[in-house]
Amino acid sequence: DSEDLVDAESYLKSSPQNLPSELQGIAKGKNVFLISLESLQSFVIDRKMFNQEITPFLNDLIEDSFYFENFYHQTGQGKTSDAEFIIDNSLYGLPSGAVYFTHAQNSYTGTPEMLKEEGYTSAVFHANDASFWNRELMYDSMGYDEYFAKPYYTINEENSVGWGLKDIEFFEQSMPLVKSLEKPFYAKFLTLTNHHPYVIEPEDAMIPNFTSGDGSFDRYFATVRYLDESMKRFFEEVKANGLYEDSIFVLYGDHYGISENHNRAMGEFLNKEITPYDSVQLQRVPLIIHIPGTDGERIDTVSGQIDIKPTILNLLGVETPHGMMFGHDLFSANHPNAAVLRNGSFIAEDVLYAQNTCYDRETGVEVEDEACDPYREKAENDLRYSDEIIYGDLLRFMLPDSDMTESEADVEVTPTP
Ligand code: GP9
Ligand code: MN
């Protein structure tokens with residue numbers, strides 16, 4: 001009941017509040033391009049295979065963007081949809097199942113709904129069945145205005161592969177729809193080509209397969225390279241359509257592409273034996289925040305998808321109370337420099353905790369368990385309170401436009417049924 005929300009709220013208020021960042025409001029009134037890069041992990045960034053860059057375009061984009069090299073996905077079984085949920089709510093997904101399926105009818109204060117107050121139109125572009133991951137229902141709860149799914153795209157034999165429309169085609173066909181949006185807009189794009197088992201047609205492969213003998217691992221690099229090419233073309237289209245200057249771009253990897261079942265091949269590729277420490281480090285996905293007109297900066301802050309909502313809201317200078325968020329502005333000086341993963345692992349400035357073992361974060365050497373104690377409680381509490389909010393649908397007790405909860409305001413407001 002609302003008392004539980006008050007507990008969760010006081011827990012969140014107990015952690016240091018964001019100090020204003022020097023980028024506060026730098027993108028006020030600008031469009032937001034939010035791009036989910038399917039199954040893209042950070043181990044391919046700035047890396048060559050057979051002397052060829054795996055992600056040449058992203059490697060260049062990073063040079064004049066804010067690139068977070070210690071950014072982790074925090075998804076569970078909900079995969080892409082968990083990433084979408086975490087990013088739009090700054091709440092964790094669930095310990096099992098997909099929150100998009102089990103709790104789409106809850107009350108939320110998602111980013112699209114909050115930006116509506118600021119005059120933004122919000123849209124999702126994704127060339128798959130509209131009902132996949134129960135998105136239609138959850139997008140309503142999030143407050144998205146438009147959802148351009150499969151019916152908006154021309155999909156046929158030659159322009160699709162694997163899970164559907166090829167990414168280069170997807171972005172090409174999306175552009176006229178983007179131009180139809182009222183500005184400013186918050187537009188999310190979900191790519192598809194770089195999806196397990198990473199099938200691509202020879203004419204689309206721009207880099208050879210790796211040679212471990214593990215099929216999906218070996219093919220991963222060609223579909224990653226193709227995704228990179230689709231991003232290059234997309235930025236060219238955005239510039240050609242005069243949308244570049246008045247926009248910011250948030251590109252993120254949604255979750256891992258290569259699971260621990262492929263540790264042998266991964267070990268061969270990285271030339272090391274993959275330990276539980278390495279497996280957590282491999283949960284890093286790219287976060288690239290590109291703000292035209294600003295210089296690039298490589299930022300090593302330990303961070304996660306949970307931080308994206310407060311970061312975007314602060315970049316846009318959105319003052320209204322952000323409600324219950326477990327993440328922190330990535331540009332604030334006192335970001336906690338930590339990330340909690342859905343399975344209870346966590347990464348902090350000096351240690352990394354995985355499978356009941358504490359490691360030195362820099363070296364990967366096992367250290368005494370006490371070294372992880374300072375962060376263990378926060379990791380457990382973050383997940384616990386976030387789960388309570390979802391299982392109890394506690395945000396329905398939030399008063400509109402306020403951080404206050406019903407009981408704190410001591411007003412009798414009957415919660416919406
Ligand atoms: C399906 C696409 C891929 O619409 O988002 O989903 P995933 O399997 O990565 O969650
Ligand atoms: Mn995905």
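This is a selection-by-selection tour of a predicted model, from a metal site through a disulfide and a helix to the pockets and cavities.

**Manganese site**

Select ligand 2, the manganese ion, together with Glu-38, Thr-80, Asp-254 and His-255. Glu-38 appears twice through OE atoms, while Thr-80 contributes OG1, Asp-254 an OD atom and His-255 NE2, at 2.0 to 2.3 Å. Angles among the six donor atoms run from 57 to 169 degrees, and the site is irregular. Along the sequence, the spacing of the donor residues reads E-x41-T-x173-D-H. Now colour by element: Glu-38 sits in the loop between strand S1 (31-37) and strand S2 (48-49), and His-255 in the loop between strand S11 (247-253) and H9, so this pair ties together parts 217 residues apart in sequence. Glu-38 and His-255 are both buried.

**Helix H3**

Stay with Thr-80 and extend the selection to helix H3, residues 79-89. Of its 11 residues, 10 are buried, so H3 is largely enclosed by the rest of the structure. Thr-80 is among the buried ones, as are Asp-82, Glu-84 and Asp-88. Just after H3, select Ser-90 and check its backbone: phi is positive, about 55 degrees.

**Disulfide**

Next select Cys-358 and Cys-372, whose sulfur atoms are 2.0 Å apart and form a disulfide. The count for the structure is one disulfide. Its S-S torsion is about 90 degrees, so the disulfide is right-handed. Cys-358 belongs to strand S18 (residues 357-360) and Cys-372 to the loop between S18 and H12, 14 residues apart. Both cysteines are buried.

**Largest pocket**

Move to Leu-12, Ser-15, Pro-16, Gln-17 and His-328, which are closest to the centre of the largest pocket among its 31 lining residues. The volume of this pocket is about 690 Å³. To show the elements around it, select helix H1 (2-14), helix H11 (308-315) and helix H12 (373-391), each of which supplies at least two lining residues. H12 has the largest share, six residues. The lining has 13 nonpolar, 11 polar and seven charged residues.

**Second largest pocket**

Select Tyr-256, Glu-260, Gln-283, Leu-341 and Asn-343, which lie nearest the centre of the second largest pocket. Its volume is about 490 Å³, and 27 residues line it. Helix H9 (263-270), helix H10 (276-281) and strand S17 (351-354) each give at least two of these, with H10 giving the most, three residues. By class the lining holds 10 nonpolar, 14 polar and three charged residues.

**Cavities**

The whole structure has three cavities of 30 Å³ or more. For the largest, about 70 Å³, select Tyr-92, Ile-306, Phe-326, Ala-338 and Lys-378, which lie nearest its centre out of 13 lining residues. Strand S15 (339-340) and H12 are the elements that give two or more residues to this lining. It divides into seven nonpolar, three polar and three charged residues.

Which residues line the second largest cavity? Select Ala-338, Ala-339, Val-340, Phe-346, Ile-347, Ala-348, Tyr-375, Lys-378 and Ala-379. About 50 Å³ of space lies there. S15, strand S16 (346-347) and H12 each supply at least two lining residues, and H12 gives the most, three. Eight of the lining residues are nonpolar, none is polar and one is charged.

Key. Residues numbered from 1 in each chain as written. Chains lettered and ligands numbered in written order. Predicted model: local features only at pLDDT ≥ 70, side-chain atom pairs only at ≥ 80, totals over all residues. Heavy atoms only, no water. 1 Å grid on protein atoms, 1.4 Å probe; cavity = no way out; pocket = protein on both sides within 12 Å on 5 of 7 lines; lining within 4 Å. Points joined across faces, edges and corners; volume = space filled by probe spheres on them. Helix = DSSP H or I, 4+ residues; strand = E, 2+ residues; numbered from the N terminus. Nonpolar A, V, L, I, M, F, W, Y, C, P; charged D, E, K, R; others polar. Donors = N, O, S within 2.8 Å, 3.2 Å for Na, K, Ca; no water. Tetrahedral: all angles 85-135°; square planar, octahedral: opposite > 155°, others 65-115°. Buried < 20%, exposed > 50% of the residue type's maximum accessible area, 1.4 Å probe, protein only. Disulfide = S-S within 2.5 Å.
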